[in-house]
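Me: Please take a close look at one part of this model, the packing of its helices and the sheet beside them. I would like one connected account, with residue numbers where they help.

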Amino acid sequence: MKKAFITGITGQDGSYLAELLLEKGYEVHGLIRKKTYTSKDGLKNIKNIKNNLVLYKGDTNNHSTIYDIFSNIKFDECYHLSGVSFVDYSLENMQSIMDSNFNSTHYLLDAITKINKNCKFFLAGSSEMFGDPDTTPQTEETSFNPKTIYGISKVSSHYLLKNYREKEQLFACTGIMYNHESPRRGGQFVTKKIINSAIRIKKGLQQDLCLGNLDALRDWGYAPDYVQAMWQIMQQNTSDDFIISTGELHSVREFVKITFDCLGLNYLDYIKTDPKFFRESEKMPLCGNNNKLKEKVKWKNTKTFKGVINAMINSELPKVI
């Protein structure tokens, strides 16, 4: 039986990945922050599988915690999905973001190198690594140009991974993931805000929805499809880096319109825009070329843009009262 270790196991991606690995017969271990373990909704994404998991309380920023876990269990695969995932455009949280996203990668790679070099490693990268790209769609050869501390932390982690891969001959991969949604998307993200607000408007609990630039473009996928890509990448004979994306661009306006249409509402009657929600405009949109993933790994996305939105609506409708 294969053993896998997942950081961020309670998050959107981590919980879907844990379910996938359990279905494939893995013994699944996960690290959970103490405050997440004790919070009211901290374990909601894994509540149905919690008893089938081996869970540890701790922090990826603690080197001794990571070292102790890897010393006791010989893992076949490690998926590093935890860290700060909300894009912050200020410099206020620079140190904490670098600690969460870079140091944790370093501690995991160091533990694998010293204890079990046969353990395969996957790093969750981000389209924010490209930041302000000079071309679109982006490929694995496109130059990184991060514009946020989050993006910088991911690029730094990626180059650290490459260094370990080349010098220590580790099987280590970065999956550069573009926006991906699901019913488990956190409430701080604009997609979940749109879904929840539209449902509240439909039920007479809210009057309008205030957003930023409705014409902003994103490459939106489906989280369960993306964790399937992670697993497929880790089953290859040699390690490599891959863009995980749909290769399609949709605007925030499209997301809003489809959401309101599904609820029998005209979005134009309820949407307001506020400059304080506007992000700096991008010269080139972040859109991923997934040809390498499709050709080498034989991956495909299964749910359409509208299908993702429908899944999110159907999940949230009963919860909004």
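Reply: In this predicted model, helix α1 (residues 12–23) packs with helix α7 (residues 223–234) at an angle of about 60 degrees, and the two axes are 9 Å apart. That angle makes α1 oblique to α7. The crossing in which α1 passes α7 is right-handed. On the α1 side, the contact is made by Gln-12, Asp-13, Tyr-16, Leu-17, Leu-20 and Leu-21. On the α7 side, Ala-223, Pro-224, Val-227, Gln-228, Met-230 and Trp-231 take part. By class, the residues of this contact are nine nonpolar, two polar and one charged.

The next element to consider is the sheet. Seven strands form an open sheet with parallel pairing, in the order β3-β2-β1-β4-β5-β6-β11. The edges are β3 (54–57) and β11 (242–244); each has a single partner strand, so one side of each has no neighbour in the sheet. With direction ignored, neighbouring strands of this sheet are turned by 20 degrees against each other on average.

The pairings can be followed strand by strand. Strand β1 (residues 3–7) runs parallel to strand β2 (residues 27–32), and five bridges join them. In this pair, Thr-7 stands opposite Leu-31 of β2. Helix α1, already described against α7, also packs on the sheet. There α1 touches β1, β2, β4 and β6, and its direction makes about 170 degrees with that of β1. Helix α4 packs on the sheet as well, with contacts to β1, β4 and β5. The direction of α4 makes about 170 degrees with that of β4.

Further along the sheet, strand β4 (residues 77–80) and β5 pair in the parallel sense over four bridges. Glu-77 has Lys-120 of β5 as its bridge partner. Strand β5 (residues 120–126) has six of its seven residues buried, so it is largely enclosed by the rest of the structure. With strand β6 (residues 172–177), β5 runs parallel and is joined by six bridges. Within that pairing, the bridge partner of Phe-122 is Cys-173 in β6, and Gly-125 stands opposite Ile-176 in β6.

Cover is also the main feature of β6: six of its six residues are buried. This holds for both faces of the strand. On one side, Ala-172, Thr-174 and Ile-176 are buried. On the other side, Cys-173, Gly-175 and Met-177 are buried too. Two of these residues have already appeared in the pairing with β5: Cys-173 as the bridge partner of Phe-122, and Ile-176 opposite Gly-125.

One residue of α4 deserves separate mention. Asp-110 lies in this helix, which spans residues 94–115. The relative accessibility of Asp-110 is 11%, and because the cut-off for buried is under 20%, Asp-110 counts as buried. Leaving aside residues up to four places away in sequence, Asp-110 touches His-63 and Tyr-164.

Methods:
Residues are numbered from 1 along each chain as its sequence is written. This is a predicted model: local features need pLDDT of at least 70, side-chain atom pairs count only at pLDDT 80 or more; totals for chains, interfaces and linings use all residues. Side-chain values use heavy atoms; hydrogens and water are left out. Axes are lines fitted to C-alpha atoms, for helices over the stretch in contact, and angles run from 0 to 180 degrees between N-to-C directions. Helices (H or I, at least four residues) and strands (E, at least two) are DSSP runs, numbered from the N terminus. Angles under 35 degrees count as roughly parallel, over 145 as roughly antiparallel, 65 to 115 as roughly perpendicular and the rest as oblique. A crossing is left-handed if the near helix is turned anticlockwise from the far one by less than a right angle, and right-handed if clockwise. Contact means heavy atoms within 4.5 Å. Ala, Val, Leu, Ile, Met, Phe, Trp, Tyr, Cys and Pro count as nonpolar, Asp, Glu, Lys and Arg as charged, and the others, Gly among them, as polar. Buried means under 20% relative accessible area, exposed over 50%, partly exposed in between (1.4 Å probe, protein chains only). Two strands pair if DSSP finds at least two bridges between them.
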